Amino acid sequence: MSAGQFGVEILSTGMAVPSTALTNADLEKMMDTSDEWIVQRTGVKTRYRSDPKLGEDVTSLCEAAVRQALDRAGVAARELDLLIVATCTPDMTCPSTASRVAGRIGAVPAGSFDLTAACSGFVYGLNVSDSLIRQGGYRTIALIGADSLTRVADYTNRKVSVLSGDGAGAAILRRTDDASRGCLFQSMYSDGTLWDYLYIPMREEHAPPDVDWNETKLEYLQMKGREVFKFAVTKFPEALEEALKKSGVAMDDVAMIIAHQSNARIIEATRKRLAMPEDRFYVNIDRYGNTSAGSVPICLHELRDAGRVRAGDVVAFVAMGGGMTWGTSIWRL
Ligand code: ACO
């Protein structure tokens, strides 16, 4: 069959967070900060932190999220054709997180790979999965977005670490004969000249020339907070406006905008610029912090569970992250 005959259905979703909450009061004991500052500047009240002693890592979060999604869809792991994990904090670089998750749940011989686009990862993954399914070669894909930003958070750096949270969300995507369902428009962009806005140096040579280097920065997320903020408040509305224009979807017809939970102020600025009512612009950063690639699928899972998005609704996904990367995915569920 040729492309254009298929649609894509999100059969189900799942999510997982670690068992330990890390509240702003906990952070007050670890660094010179306050609940008031964190809430005002970021909107975060609490987040979850993986504990390796409890066996919690990115792989285990992905496994829990995808098991829940498979259970809810009534789909067996061996029915999967592909399992994709969007993450920038894999437990190992080889094998991929996706391969380990596929092995744990028995998704053999499904193809598996990790997709790295930092916080944009799940939105990139929606675009890639939709295209692969519509092209006809794959019927059922498990797409997971997961990160452990607390593992790469330097708790002596109060500017970055207060945002970080851990979490995973998963979606089971399946081919349908209803071609009106699935992605209506997709965009994926990056500007690699801005790579040093957000990066995790693995060696001293990775430090940009203008950075006052010391080895305590190794393997911890470095961020130019103000630059990232300005980038996000520009790119989120720009990308959404372009996506709606090109997809021919009117703003009033969008049931929900699901934006990467980077910072509540970024989301609010975007909502105001687009003149969207609060109830159509989801925010849960207060409860999870910034979970990077985990944030968009966790939002989707909560919204589906609450019955706030349903089959037939148009949902606009938007994200930006390290790279710098950004992108959109407009779906008819
Ligand atoms: N507690 C108390 N005070 C603090 C804290 C803190 N946690 N952090 C910074 N401050 C102080 C600063 O020292 C500064 O004080 P000074 O004026 O005396 O020097 C003051 O607060 C303001 O600092 P700024 O850095 O200007 O604060 P800003 O309002 O820019 O907020 C923040 C910082 C929250 C990081 C913001 O820039 C931001 O949200 N940026 C975008 C973050 C983001 O989305 N990152 C991407 C996610 S990660 C990923 O993609 C993998």
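This report covers a mixed sheet, the helices across it and the aromatic contacts of a predicted model.

## Sheet

The sheet is open and has 4 strands in the order β8-β13-β12-β11, with mixed pairing. Its edges are formed by β8 (182–190) and β11 (254–259); each has a single partner strand, so one side of each lacks a neighbour in the sheet. From one strand to the next, the twist averages 10 degrees.

β8 pairs with β13 (residues 325–332) in the antiparallel sense over 8 bridges. Within this pairing, Phe-185 has Ile-330 of β13 as its bridge partner.

## Helices across the sheet

Helix α5 (residues 121–135) lies across β8, β12 (314–321) and β13, at about 130 degrees to β8. Helix α7 (residues 225–247) lies across β8, β11, β12 and β13, and runs at about 35 degrees to β13.

## Aromatic contacts

The whole structure contains 4 aromatic pairs. One of them is Tyr-48 with Tyr-288, a tilted pair at 6.2 Å centre to centre with 35 degrees between the planes. Tyr-48 belongs to strand β3 (residues 46–49) and Tyr-288 to helix α9 (residues 285–288), 240 residues apart. Tyr-48 counts as partly exposed because its relative accessibility is 22%, whereas Tyr-288, at 8%, is buried.

Phe-231 and Trp-326 form an edge-to-face pair, 5.4 Å centre to centre and 80 degrees between the planes. This pair links helix α7 to strand β13 across 95 residues of chain. Both residues, Phe-231 and Trp-326, are buried, and together with Tyr-189 they form one aromatic cluster.

## Charge over a ring

Arg-175 lies over the face of Phe-6, 4.7 Å from the ring centre.

Key
Residues numbered from 1 in each chain as written. Predicted model: local features only at pLDDT ≥ 70, side-chain atom pairs only at ≥ 80, totals over all residues. Heavy atoms only, no water. Pairing = 2+ DSSP bridges. Helix = DSSP H or I, 4+ residues; strand = E, 2+ residues; numbered from the N terminus. Axes fitted to C-alpha atoms, helices over the stretch in contact; angles between N-to-C directions. Contact = heavy atoms within 4.5 Å. Phe/Tyr/Trp six-rings, centres within 6.5 Å; stacked < 30°, edge-to-face > 60°. Buried < 20%, exposed > 50% of the residue type's maximum accessible area, 1.4 Å probe, protein only. Lys NZ or Arg CZ within 6 Å of the ring centre and 35° of its normal.
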